[in-house]
Amino acid sequence: MDMPKPSPNDSIFSIQEMRKVNSFMYNYKNSGEWEWFIPILRTFLMVGARLSEVTYMKCEDVNLETREWFFKGKGDKKRNTIFQDDELWEGIRIRFYDKNGEFIKNKVFVFHREYYRKGNKG
């Protein structure tokens, strides 16, 4: 029995849910608690990559001139995508530079260790 092919209108989120996600990203993009997460979420949603692929995005796999990201997908399948959205690209591009605008040479991961975690004691 052949499985039906998904239609292009199939979506993980309803329109209302996507509005909530967009509202969250807009309202918390500069908050100390969530600003680390917003670029990861935006990349995850806009590129269609798996969460593990986004969180382990390596700097050496991103071409700053062409805005391309080369990575291994499921089953070590080679994939690439172009960051077409300017806001998404800026959120990634700035992670290659320090606060003084100097290129960071020894950085391995784009989103490496940029998270906020509260301990068990609050």
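Which glycine takes a positive phi in the hairpin of S2 and S3? Keep that in mind while we walk through the model, which is a predicted one. We'll come to the hairpin at the second stop.

**Stop 1: the whole chain**

Start with a cartoon view of everything. You should be able to pick out four helices and three strands. Follow the chain from the N terminus and the elements come in the order α-α-α-β-β-β-α. Now colour by burial if your viewer can do that: of the 122 residues, 25% count as buried. One more thing about the overall layout: among contacts with a separation of 6 or more, 41% are between residues 24 or more positions apart.

**Stop 2: the sheet and its hairpin**

Select the three strands. They make an open sheet in the order S1-S2-S3, with antiparallel pairing. Strand S1 (62-63) and strand S3 (78-82) are the edge strands, each pairing on one side only. As background, strands of a sheet pair through backbone hydrogen bonds, either parallel or antiparallel.

Next, select strand S2 (residues 68-72) together with S3. Five bridges join these two antiparallel strands. Try clicking on a couple of partners: lysine 72 is bridged to lysine 78 in S3, and glutamate 68 has isoleucine 82 of S3 as its bridge partner.

Now for the opening question. Select the five residues between S2 and S3 and look for glycine 75: that's the one with a positive phi, near 70 degrees.

**Stop 3: H1 against H2**

Hide the sheet and show helix H1 (residues 15-28) with H2. Two packed helices are described by the angle between their axes and the distance between the axes. Here the axes come within 10 Å and cross at roughly 150 degrees. The crossing of H1 past H2 is left-handed. To see what makes the contact, show side chains for Met18, Val21, Phe24, Met25 and Tyr28 on H1, then Phe37, Ile38, Leu41, Arg42 and Leu45 on H2. How many residues in this contact are nonpolar, polar and charged? There are nine nonpolar residues, no polar ones and one charged one.

**Stop 4: inside H2**

Stay with H2 and select Ile38, Pro39, Ile40, Leu41, Arg42, Thr43 and Val47, which are buried. Bring the rest of the structure back and you'll find that the buried residues of H2 pack against H1, helix H3 (51-55), S2, S3 and H4.

Now zoom in on threonine 43, which sits in helix H2 (residues 37-47). Is threonine 43 buried or exposed? Its relative accessible area is 0%, so threonine 43 counts as buried. Show its neighbours: leaving out residues up to four places away in sequence, threonine 43 touches Gly48, Val54, Met57, Phe83, Leu88, Ile92 and Phe111.

One of those neighbours is worth another click. Glycine 48 follows H2 and has a positive phi, near 85 degrees.

**Stop 5: the salt bridges**

A search of the whole structure turns up five salt bridges. Let's visit some of them.

First, select arginine 42 and glutamate 87. Their side chains meet in a salt bridge, 3.4 Å from N to O. Arginine 42 belongs to helix H2 and glutamate 87 to helix H4 (residues 86-93), so this pair ties together parts that are 45 residues apart in sequence. The two ends have different surroundings: arginine 42 is buried, with a relative accessible area of 14%, while glutamate 87 is partly exposed at 44%.

Next, move along H4 to glutamate 90 and arginine 93. Their closest N and O atoms are 2.8 Å apart in a salt bridge. Because these residues are three apart in helix H4, about one helical turn separates them. Glutamate 90 is partly exposed, at 34% relative accessible area, and arginine 93 is partly exposed too, at 28%.

For the last view, select Arg50, Glu53 and Arg79. Salt bridges that share partners join these residues into one network. Within this group, the side chains of glutamate 53 and arginine 50 meet at 3.5 Å, N to O. Check the burial here as well: glutamate 53 is buried at 9% relative accessibility, whereas arginine 50 is partly exposed at 40%.

Key:
Residues are numbered from 1 along each chain as its sequence is written. This is a predicted model: local features need pLDDT of at least 70, side-chain atom pairs count only at pLDDT 80 or more; totals for chains, interfaces and linings use all residues. Side-chain values use heavy atoms; hydrogens and water are left out. Buried means under 20% relative accessible area, exposed over 50%, partly exposed in between (1.4 Å probe, protein chains only). Contact means heavy atoms within 4.5 Å. Two strands pair if DSSP finds at least two bridges between them. Axes are lines fitted to C-alpha atoms, for helices over the stretch in contact, and angles run from 0 to 180 degrees between N-to-C directions. A crossing is left-handed if the near helix is turned anticlockwise from the far one by less than a right angle, and right-handed if clockwise. Ala, Val, Leu, Ile, Met, Phe, Trp, Tyr, Cys and Pro count as nonpolar, Asp, Glu, Lys and Arg as charged, and the others, Gly among them, as polar. A salt bridge is a side-chain nitrogen of Lys or Arg within 4 Å of a carboxyl oxygen of Asp or Glu.
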